[in-house]
Amino acid sequence: MSERLSERINNVTPSATLEMAAKARELRAAGKDIIGLSLGEPDFNTPDYIKEAAIQAVNEDYNSYTPVDGYVELKDAIITKFDRDNGLRYERSQIVVSTGAKQSLYNVAQVILNKGDEVILPCPYWVSYSDIVKLADGVPVEVPTSIDNDFKMTPEQLEAAISPKTKMLWYSSPCNPSGSIYSKEELRALADVLQKHPQIIVVSDEIYEHINYGVTAHASMAEFEDMYERTVTVNGVAKAFAMTGWRIGYIGAPSYIARACNKLQGQVTSGANCIAQRAVITALTESPSRISYMVDEFKVRRSLILGLLNGIDGFKCNSPEGAFYVYPDVTAYFGKTINGVTINNASDFAMYLLEHANVATVTGDAFGNGASIRISYAAAEKEIREAIKRIKNALAG
Ligand SMILES: *Cc1c(COP(=O)(O)O)cnc(C)c1O
């Protein structure tokens, strides 16, 4: 029946991370003991002080439509946050609150791209970027990187990828899936290239800003005066505040872009959920030090999983500086046959781990880089230990 559906939707690839989670759920329902390390979701609960704010909002009868681009109090909290954490000054007219950072990204693609416009995506990139671009009739231009350069795009690579049709550059730092962080100097070097191409708008996805292990300080492209007017800073509360299901994301942007996103959202969602918005006022107003206990815990697990993975032949690990994923290069296994199963690529490898180790991970193919798999360490230590033990055993044949 798919011929009855639009070309638009038929051309969309289902989210590989959500698909892997669904497959793991299916196998669990069939009685298999699956350890899920595929989803990008903290295993913590939303902190109590944020939950209290939501309960209070319910009791205070926040139940009407909110302004399409978000409550004024929330926009002010976002303005305070940008100033406090990033040294970025925004006005209310530059802020748009959306139903998750995913919608923020979708909005930006819809309001900027015309058919055939190119968007540069350093690989590996976050799983949804290429499909969000395609849904706006844009053309993703993938720039390959490798573990040897910590999965970061060089200024030379950026320059080489730019064409007269290039409209945007999208990246996340800290990066999902690699955990890499662009330093301020590295961003400046990319900005120097962009100086020669004033038509290019940058989307800087900073949703893992607070999940930073202290090696490279967080930096924003919009910090540079010459980039401020052409950068959309995307952020949200899902990851650092353990609020994935609350669905609140936001942008700081030039006001013409913010106005356009507001217009689009007014016809599509009428704005984000009122209770979640009230809770996020508290999340962003309180000091980020209140959520650092989660980052401390992720840091312990990061060392644990890196140590365990380095004990398996053929896993070449990067040292993630942020987010909660490792992105090991597993090309050493390509072309090998284990337990009668031939592994030709990262998708085969991830499937092998699911079926023979009962561990769910995500193929690097989903992120535009087929040399690796992504393993989330947003899981309990016990589960991480057990999962890596199973992987090691399954690969020993
Ligand atoms: C999770 C994630 C998002 C989406 O965040 P939501 O607020 O849950 O929509 C966007 N970008 C990156 C890099 C992510 O990992």
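Leaving aside its neighbours within four places in sequence, which residues is Gln277 in contact with? In this predicted model, the partners of Gln277 are Thr66, Gly70, Tyr71, Leu74, Val97, Ile248 and Ala272. Gln277 itself belongs to helix H11, which covers residues 274-285. Its relative accessibility is 0%, so Gln277 counts as buried.

## From Gln277 to Val97

One of the partners of Gln277 is Val97, and that residue makes a good next stop. Val97 sits in strand E2, residues 95-98. With a relative accessible area of 0%, Val97 is buried. Its contacts, again leaving aside neighbours within four places in sequence, are Val68, Asp69, Gly70, Leu74, Ile78, Ile248, Gly249, Tyr250, Gln265, Ala272 and Gln277. Compare the two lists and you will find Gly70, Leu74, Ile248 and Ala272 in both. If you like to follow the chain in space, look for Cys261 as well: 164 residues separate Val97 and Cys261 in sequence, while their C-alpha atoms are 9.6 Å apart.

## The ligand and its surroundings

Let us turn to the ligand. Around it you will find Gly100, Ala101, Lys102, Trp126, Ser172, Asn176, Asp205, Ile207, Tyr208, Ala238, Lys239 and Arg247. The ligand takes up the space of the second largest pocket. Three of these neighbours are worth picking out for their distances to oxygen atoms of the ligand.

| Residue | Atom on the protein side | Distance to a ligand oxygen atom |
|---|---|---|
| Ala101 | backbone N or O | 2.8 Å |
| Tyr208 | side-chain N or O | 2.8 Å |
| Lys239 | side-chain N or O | 2.9 Å |

How much of the ligand does the protein bury? Taken alone, the ligand exposes 380 Å², and the protein buries 94% of that.

Arg247, another residue around the ligand, has a backbone feature of its own. Its phi is near 60°, a positive value in a residue other than glycine. Arg247 is placed in the loop that runs between strand E7 (231-236) and strand E8 (249-252). Is Arg247 buried or partly exposed? At a relative accessible area of 32%, Arg247 is partly exposed.

## Two cis peptide bonds

Two prolines deserve a look along the backbone. Cys123 and Pro124 are joined by a cis peptide bond, with omega near 0°. Pro124 is in the loop between strand E3 (118-122) and helix H6 (129-135). A cis peptide bond also links Ser173 to Pro174, where omega is about -5°. The loop that holds Pro174 lies between E5 and H8.

Ser183 is found in the loop between strand E5 (166-172) and helix H8 (184-195). Ser183 counts as buried because its relative accessibility is 15%, under the 20% limit for that class. Thr216 and Ala219 are in contact with Ser183 once neighbours within four places in sequence are left aside.

## Arg390 and Asn358

Helix H14 (residues 381-395) is where you will find Arg390. Is Arg390 buried or exposed? Its relative accessibility is 16%, so Arg390 counts as buried. Not counting residues up to four places away in sequence, Arg390 touches Asp33, Ile35, Ala357, Asn358 and Val359. The side chains of Arg390 and Asp33 are joined by a polar contact of 2.5 Å. For a sense of distance across the model, Arg390 and Lys263 are 50 Å apart from C-alpha to C-alpha, with their positions 127 residues apart in sequence.

Asn358, one of the residues touched by Arg390, has a positive phi of about 55° although it is not a glycine. Asn358 is located in the loop between helix H13 (346-357) and strand E12 (359-360).

## Pro47

The last stop is Pro47, in the loop between strand E1 (35-36) and helix H3 (48-59). Pro47 has a relative accessible area of 6% and is therefore buried. Which residues does Pro47 contact, leaving aside its neighbours within four places in sequence? They are Phe241, Ile291, Tyr293 and Met294. Lys23, by comparison, is 24 residues from Pro47 in sequence and 29 Å from it in space, C-alpha to C-alpha.

Note on methods:
Residues are numbered from 1 along each chain as its sequence is written. This is a predicted model: local features need pLDDT of at least 70, side-chain atom pairs count only at pLDDT 80 or more; totals for chains, interfaces and linings use all residues. Side-chain values use heavy atoms; hydrogens and water are left out. Helices (H or I, at least four residues) and strands (E, at least two) are DSSP runs, numbered from the N terminus. Buried means under 20% relative accessible area, exposed over 50%, partly exposed in between (1.4 Å probe, protein chains only). Contact means heavy atoms within 4.5 Å. A residue is near a molecule or strand if one of its heavy atoms lies within 4 Å of it. A polar contact is a pair of N or O atoms within 3.5 Å; within protein, one must be able to donate a hydrogen and the other to accept it, and residues adjacent in sequence count only if both atoms are side-chain atoms. Accessible areas come from the Shrake-Rupley method with a 1.4 Å probe; for residues, only the protein chains shown count as cover. On a 1 Å grid over the protein atoms alone, a cavity is a set of points where a 1.4 Å probe fits but cannot get out, and a pocket is an open set with protein on both sides within 12 Å along at least five of seven lines; lining residues have an atom within 4 Å of a point. A molecule sits in a cavity or pocket if more than half of its atoms lie within 2 Å of its grid points.
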